[in-house]
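Biologist: I should like a close look at a single part of this predicted model, beginning with one pairing and working outward to whatever surrounds it. Please keep the account connected and give the cut-offs as you go.

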Amino acid sequence: MRDLALIFGVALAAALAVGLVGAVTLRLLRGRSITVHISVLLAMTVGAVAAGVAVVAQAMFLSPHDLQVVLATVAAAGVVSLAVGWLFGRRLAAAAVWADQARERERRIEKGRRDLVAWVSHDLRTPLAGLRAMAEALEDGVVDDPATVTEYHRRIRVETDRMTRLVDDLFELSRINAGALRLSLSAVPLGDVVSDALAGAAPLAAARRIRLVAPEAGWPTVSASERELARVVGNLLLNAIRYTPEDGTVRVDAGREVDTAWLAVADTCGGIPEGDLSRVFDVAFRGEPARTPAVEPGGSGGLGLAIVRGLVEAHGGRVEVQNVSDGCRFVVRLPAAGI
């Protein structure tokens, strides 16, 4: 019994020495990845076992051959333990990172939901109050001259159309965020989509004396859903027209790079503050009050660019914005059709 206690004490001392070295190493590597920490822990465990066996073997006066056999056996077990530990350590690290990213994404989504509810409540309350006031004025006979009655009817129709577009945009955005958007991909000539979008935006641009410029040829063909692609191009054009001052210019061009096609919409809005560039695609973001139009004809009330990003990413593409000399430039990149 005394010999066993002595062997235990010697092995414990050797293992504690290795453990102390391992603890110091872990402290020095505290900023490294989970995989590194797990590998160090496994190496410390294997090293403690090997040190204890080696010390006890020396104390037992084993022959050199027997000592080599024992150490070789411990080394083989250590190699297997380290390899398995490293493999599962990487999986554990990846799972931990994924879980952290998932929590962060959930926090962002929840904050987005709260912001969206607050924003929708604010943006719907004002037009609804105006509609109710005009309807009550017409119902009570407060307004009876034909010109004012006609103007009230026109304003009610305009506000109703704007709220309809807002509800449609909310529905589209909810489909994107819920992953319920189903795309029917085909080879779509980008020039046709841009031509239709320019024709639709021409009256608004003409009313503000804004020139729409686009090349006649050189348009690539993309792999996309035509309806959603038309929504992307239309939203970008309306956004550019809305923020471009009168007598400005909105330019649309496109090209192809290997297996990727790109579409750019540039305006002369004067640029976006650097601090806002990363936020322009957020839901309900409208920038500085000085840059926010008092009236947004055909606008989507802060949802247009969020829808653009959602639709582009649903196609496996990406959208970005950057400041240029006299304004800003939105660039959409989509998979090019293989024809």
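Modeller: R318 has R333, in strand 7, as its bridge partner. As this is a predicted model, local features need pLDDT of at least 70 and side-chain atom pairs pLDDT 80 or more, while totals for chains, interfaces and linings use all residues. Residues are numbered from 1 along each chain as its sequence is written, and side-chain values use heavy atoms, without hydrogens or water.

The R318–R333 bridge belongs to the pairing of strand 6 (residues 318-323) with strand 7, an antiparallel arrangement joined by six bridges. Strands here are DSSP runs of E with at least two residues, helices are runs of H or I with at least four, and both are numbered from the N terminus; two strands pair if DSSP finds at least two bridges between them. Elsewhere in this pairing, N323 faces C328 of strand 7. Four residues lie between strand 6 and strand 7, and the two strands form a hairpin.

Strand 7 also has strand 5 (residues 260-266) as a partner. That pairing is antiparallel too, with seven bridges, and R329 of strand 7 is the bridge partner of A266. Strand 7 itself covers residues 328-335, and six of these eight residues are buried (under 20% relative accessible area with a 1.4 Å probe, protein chains only; exposed is over 50%, partly exposed in between). The strand is therefore largely enclosed by the rest of the structure.

Ahead of strand 5, the loop that follows strand 4 (249-257) contains V258. V258 is not a glycine, yet its phi is positive, at about 55°. With a relative accessibility of 75%, V258 counts as exposed.

The next element to consider is helix 7 (residues 304-314), in which eight of the eleven residues are buried, so that this helix too is largely enclosed by the rest of the structure. The buried set consists of G304, L305, A306, I307, V308, G310, L311 and V312. Strand 6 and strand 7 are among the elements that cover these residues, as are helix 4 (146-178) and helix 6; the cover is judged by contact, meaning heavy atoms within 4.5 Å. Just after helix 7 comes G316, whose phi is positive at about 80°.

Helix 6 (residues 226-243), named above as part of that cover, is itself mostly covered, with 13 of its 18 residues buried. Its end C-alpha atoms lie 26 Å apart, in agreement with the 26 Å that 18 residues should span at 1.5 Å a residue; the expected span is 1.5 Å times one less than the number of residues.

Earlier in the chain, helix 5 (residues 190-207) contains S195. S195 has 43% relative accessibility and counts as partly exposed. From S195 to E216 there are 21 residues in sequence, and their C-alpha atoms are 9.3 Å apart in space. The loop between helix 5 and strand 2 (211-213) holds R209. R209 has a positive phi, near 55°, and is a residue other than glycine; at 47% relative accessibility, R209 counts as partly exposed.

To return to the starting point, the bridge between R318 and R333 is thus part of the antiparallel pairing of strand 6 with strand 7, and strand 7 is a largely enclosed strand because six of its eight residues are buried.
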